[in-house]
Amino acid sequence: MQTVVLYTSPTCGYCQMAKRLLTAKGVSYQEIDVAGDPGKRAEMMQRSNGGRTVPQIFIGDTHVGGFDDMNALERAGKLDALLAA
């Protein structure tokens, strides 16, 4: 199982949906709150090639994008393969 990292903020509805989807699939993840930490936000933006919005989701070394991107992978039947790779 790949390592999953979510950059989030506490008031983000899309972050909550991403966490719910991963939890429903039984996937553990590391959550990094960028709300009050400029260093973590800068790290997120660097890793995501300038992504400023949360969530920013990484599965292994793959930058998935945000919740909509991860959900599109799920609907296309590709998320499980990415998680298992």
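**Serine 9, the sheet and its helices**

Biologist: Which residues does serine 9 touch, leaving out those up to four places away in sequence?
Modeller: Serine 9 touches Cys15, Asp33, Ala35 and Val54 once residues up to four places away in sequence are set aside, where contact means heavy atoms within 4.5 Å. This is a predicted model, in which local features need pLDDT of at least 70 and side-chain atom pairs count only at pLDDT 80 or more, while totals for chains, interfaces and linings use all residues. Residues are numbered from 1 along each chain as its sequence is written, and side-chain values use heavy atoms, leaving out hydrogens and water.

Biologist: And where does serine 9 lie, and is it buried or exposed?
Modeller: Serine 9 lies in the loop between strand 1 and helix 1, and its relative accessibility of 12% makes it count as buried (under 20% relative accessible area; exposed is over 50% and partly exposed is in between, with a 1.4 Å probe and protein chains only).

Biologist: What about cysteines 12 and 15, buried or exposed?
Modeller: Cysteine 12 is buried at a relative accessible area of 11%, and cysteine 15 is buried at 0%.

Biologist: How many disulfides turn up?
Modeller: Searching the whole structure gives 0 disulfides (a disulfide being a pair of cysteine sulfur atoms within 2.5 Å).

Biologist: Switching to the sheet, what is the strand order?
Modeller: The open sheet has 4 strands in the order 2-1-3-4, with mixed pairing; strands (E, at least two residues) and helices (H or I, at least four) are DSSP runs numbered from the N terminus, and two strands pair if DSSP finds at least two bridges between them.

Biologist: Which strands stand at the edges?
Modeller: Strand 2 (30-33) and strand 4 (62-65) do, and each has a single partner strand, so one side of each is left without a neighbour in the sheet.

Biologist: In what sense do strands 1 and 2 pair?
Modeller: Strand 1 (residues 4-8) pairs with strand 2 in the parallel sense over 4 bridges, and threonine 8 has aspartate 33 in strand 2 as its bridge partner.

Biologist: Which strands does helix 2 touch?
Modeller: Helix 2 (residues 38-47) packs on the sheet, touching strand 1, strand 2 and strand 3 (56-59), and its direction makes about 125 degrees with that of strand 1; axes are lines fitted to C-alpha atoms, for helices over the stretch in contact, and angles run from 0 to 180 degrees between N-to-C directions.

Biologist: And how do helices 1 and 3 cross?
Modeller: The axes of helix 1 (residues 13-24) and helix 3 come within 9 Å and cross at roughly 30 degrees. The contact involves Tyr14, Met17, Ala18, Leu21 and Leu22 of helix 1 with Phe67, Asp68, Met70, Asn71 and Glu74 of helix 3.
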